[in-house]
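Colleague: I would like to understand how the labels on this model are earned. Could you take me through the reasoning?

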Amino acid sequence: MPGPTDNLILPFHLASGVFRGRLARAGRVVADTVGPHDYPPVVAQMVGEVVLLGLVLASGLKYEGVFTLQARGDGPIHALVADVTSAGMVRGVARFREEALPKGPVTRPVPELLGRGHLAFTVDQGPNTERYQGIVSLEGDHLSDCVQRYFEQSEQLPTLVKVAAMPPPQGSPADASWGATAMVLQRMPPEVGGKDGEDWDEHWNTATLLMDSLTAEELVNPALTPEDLLRRPFHQEEVRVSPYRPVFFGCRCSRAKVIRTLATFPREEVLELSKDGSVEVTCEFCKATYALTVEELDGQTNGPSGSDKTET
Ligand SMILES: [Zn+2]
């Protein structure tokens with residue numbers, strides 16, 4: 001029976017689990033993520049990639065909470081963020097200086113867009129838990145190169161990562177889906193079912209060459225199902241898939257969270273933002289707008305915030 005073909009994670013393995021991978025397909029999610037924003041095409045493309053990479057990386061971790069993938073640099077795009085909850089809800093955003101973006105073709109190497117900086121992975125599992133964090137410098141032409149290098153250097157885990165995101169063709173309805181897929185394949189260490197030895201080295205090289213032969217056009221082609229995308233390179237391998245897991249776009253912002261955040265700012269700064277006794281705050285991820293009265297905010301703040309005497 002054909003399964004869903006979009007907004008999912010499909011775990012798979014080759015060679016009886018010696019090589020394990022995951023495929024993330026999220027065309028609708030990317031459309032929903034960039035939809036409320038008027039991103040220049042080159043920025044939208046990078047948001048699509050970071051969302052897909054966030055999904056495919058989060059799906060390899062066991063956690064309860066929020067996984068965040070964040071690229072920061074000194075280039076025209078100074079931040080790209082995707083966060084994924086353990087329930088499969090994802091959102092993403094870019095911060096950038098439009099006037100500094102390179103003109104010309106949409107696909108540009110990472111150094112031109114993000115400059116020098118780093119890519120960080122964090123898992124926040126709530127208070128009183130240890131925060132997992134990994135970090136790698138931004139090097140290579142693609143974000144996927146950075147991710148790959150992180151696994152190879154920091155985790156000594158041979159890894160191949162592929163990602164491609166493409167907006168719907170011009171003239172499509174405004175809310176049309178993107179073509180968007182990421183794939184990761186990893187060679188497991190012996191303690192978890194991996195195998196050492198020259199034959200396995202050879203097998204790994206072959207498997208990665210095959211997966212690397214998938215083109216960006218194939219990865220973004222909605223006519224190819226996730227299973228098709230696995231069959232193409234690996235038709236001579238025994239590919240086993242596990243049940244897919246759904247993913248969806250969603251934002252974690254709320255009125256209560258906005259109030260809590262504003263309570264951490266000096267009252268005078270907040271009052272400067274107010275107009276006619278209310279403060280309007282827009283979520284940078286989903287563009288939801290919250291209008292909060294000054295009384296509502298004062299009800300949340302502690303200490304001397306109710307007094308006008310505060311001087312800083
Ligand atoms: Zn939001």
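Modeller: Happy to; this is a predicted model, and we can go through the metal site and then the pockets.

Colleague: Which atoms are the protein donors of the zinc ion, and how do you know that they count as donors?

Modeller: They are the SG atoms of Cys251, Cys253, Cys283 and Cys286, lying 2.2 to 2.3 Å from the zinc ion. The cut-off for a donor here is within 2.8 Å of the metal, so these sulfurs qualify.

Colleague: What makes the arrangement tetrahedral?

Modeller: The four donor atoms subtend angles of 103 to 114° around the zinc ion. Tetrahedral asks that all angles lie between 85 and 135 degrees, so the label fits. Along the chain, the donors follow the spacing C-x1-C-x29-C-x2-C.

Colleague: Why can we say that cysteine 251 and cysteine 283 tie together parts that are apart in sequence?

Modeller: Cysteine 251 sits in the loop between strand S12 and helix H8, and cysteine 283 in the loop between strand S13 and strand S14, so the pair links parts 32 residues apart in sequence.

Colleague: Why does cysteine 283 count as buried?

Modeller: Its relative accessibility is 10%, and buried means under 20%, so cysteine 283 meets the criterion.

Colleague: Now the largest pocket: what is its volume, and which residues lie nearest its centre?

Modeller: The volume is about 970 Å³. Of the 48 lining residues, Gln45, Ala165, Met166, Pro167 and Trp178 lie nearest the centre. The lining divides into 27 nonpolar, ten polar and eleven charged residues.

Colleague: And what volume does the second largest pocket have?

Modeller: About 620 Å³, with Arg22, Ser59, Gly60, Leu61 and Gln186 closest to its centre among 24 lining residues.

Conventions
Residues numbered from 1 in each chain as written. Predicted model: local features only at pLDDT ≥ 70, side-chain atom pairs only at ≥ 80, totals over all residues. Heavy atoms only, no water. 1 Å grid on protein atoms, 1.4 Å probe; cavity = no way out; pocket = protein on both sides within 12 Å on 5 of 7 lines; lining within 4 Å. Points joined across faces, edges and corners; volume = space filled by probe spheres on them. Nonpolar A, V, L, I, M, F, W, Y, C, P; charged D, E, K, R; others polar. Donors = N, O, S within 2.8 Å, 3.2 Å for Na, K, Ca; no water. Tetrahedral: all angles 85-135°; square planar, octahedral: opposite > 155°, others 65-115°. Helix = DSSP H or I, 4+ residues; strand = E, 2+ residues; numbered from the N terminus. Buried < 20%, exposed > 50% of the residue type's maximum accessible area, 1.4 Å probe, protein only.
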